[in-house]
Amino acid sequence: MANGQEQAAQDAVMTRIGQVVMLHHAGDREEARHRFLQLWAEIGEHGDALHRCTLAHYMADTQDDPADELAWDLRALTAAEELTDDRLAEHEGTLAVRALYPSLHLNLAADYVKLDRSGAARTHLRHARSAAEALADDSYGDGVRAAIGRLELRLGERGPDGDGRWGPPRQRP
């Protein structure tokens, strides 16, 4: 019985995070940031890794300062490193742990680009690229792979097909 109550409380936190994400996507960035900070205070720096990873991942998107965005994305990656597939399986609709890494590293690469730290950006872009093999062939995976490709082009990197794109090689005349 106690385990069921704990699971319900954990799902309630994920629901609350989702509600704040919707608020942010509706355009109220400042209020979303404020509510995420309140949730972070409740969860704590040593709280459930899934909660910390999810909240930090979305909190990064509400930041105005690229250094603050980087700090939140680093928190998300740190929390992801503590996650197990079993913990993710407890929450309906989540990905496997390994499928989180391409997006997390992609976000860090983009943060480092904003901070004009191209070496660090390239490092995380390589991590995102190599982790992308864990992505499914679905809209999420396609979106992350496309974003990796766009950042590769921006940084002058080359994709797995040799011309900066993901996917099958283009037909040559």
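**Exercise 1. Determine how many helices and strands the protein chain has, and in what order its elements run.**

Solution. In this predicted model, the protein chain has eight helices and zero strands. Reading from the N terminus, the elements therefore follow the order α-α-α-α-α-α-α-α. To describe the fold further, note that 43% of the 173 residues in the protein chain are buried, and that, of the contacts with a separation of 6 or more, 53% are accounted for by residues 24 or more positions apart.

**Exercise 2. Work out how helix 3 and helix 4 are arranged with respect to each other, and which residues make the contact.**

Solution. Begin with the geometry: helix 3 (residues 49-60) and helix 4 (residues 66-80) pack at an angle of about 155°, and their axes lie 8 Å apart. Because angles over 145 degrees count as roughly antiparallel, helix 3 is roughly antiparallel to helix 4. The contact is made on the helix 3 side by A49, R52, C53, L55, A56, H57, M59 and A60, and on the helix 4 side by E69, W72, D73, R75, A76, A79 and A80. As for handedness, the crossing of helix 3 and helix 4 is left-handed.

**Exercise 3. Check the span of helix 4 against the expected value, then describe its start and its buried residues.**

Solution. The 15 residues of helix 4, at 1.5 Å a residue, should span 21 Å, and the end C-alpha atoms are indeed 21 Å apart, so the two values agree. At the start of helix 4, a side-chain oxygen of D65 comes to within 2.8 Å of the backbone nitrogen of A67. The buried residues in helix 4 are E69, L70, W72, D73, A76, L77, A79 and A80.

**Exercise 4. Decide whether R33 is buried or exposed, and name the residues that R33 touches.**

Solution. First locate R33, which belongs to helix 2 (residues 29-43). Its relative accessible area is 11%, and because buried means under 20%, R33 is buried. Leaving aside residues up to four places away in sequence, R33 touches M59, T62, Q63 and D64.

**Exercise 5. Repeat the span check for helix 8 and describe what lies at its start and just after it.**

Solution. For the 17 residues of helix 8 (residues 139-155), 1.5 Å a residue gives an expected span of 24 Å, which agrees with the 24 Å between its end C-alpha atoms. At the start of helix 8, a side-chain oxygen of D138 reaches to within 3.3 Å of the backbone nitrogen of Y140. Along helix 8, the buried residues are G141, V144, R145, A147, I148, G149, L151, E152 and L155. Just after helix 8, G156 adopts a positive phi of about 75°.

Terms used: Residues numbered from 1 in each chain as written. Predicted model: local features only at pLDDT ≥ 70, side-chain atom pairs only at ≥ 80, totals over all residues. Heavy atoms only, no water. Helix = DSSP H or I, 4+ residues; strand = E, 2+ residues; numbered from the N terminus. Expected span 1.5 Å × (residues − 1). Buried < 20%, exposed > 50% of the residue type's maximum accessible area, 1.4 Å probe, protein only. Polar contact = N/O pair within 3.5 Å; in protein donor to acceptor, adjacent residues only side chain to side chain. Axes fitted to C-alpha atoms, helices over the stretch in contact; angles between N-to-C directions. Parallel < 35°, antiparallel > 145°, perpendicular 65-115°, else oblique. Left-handed = near helix turned anticlockwise from the far one by under 90°. Contact = heavy atoms within 4.5 Å.
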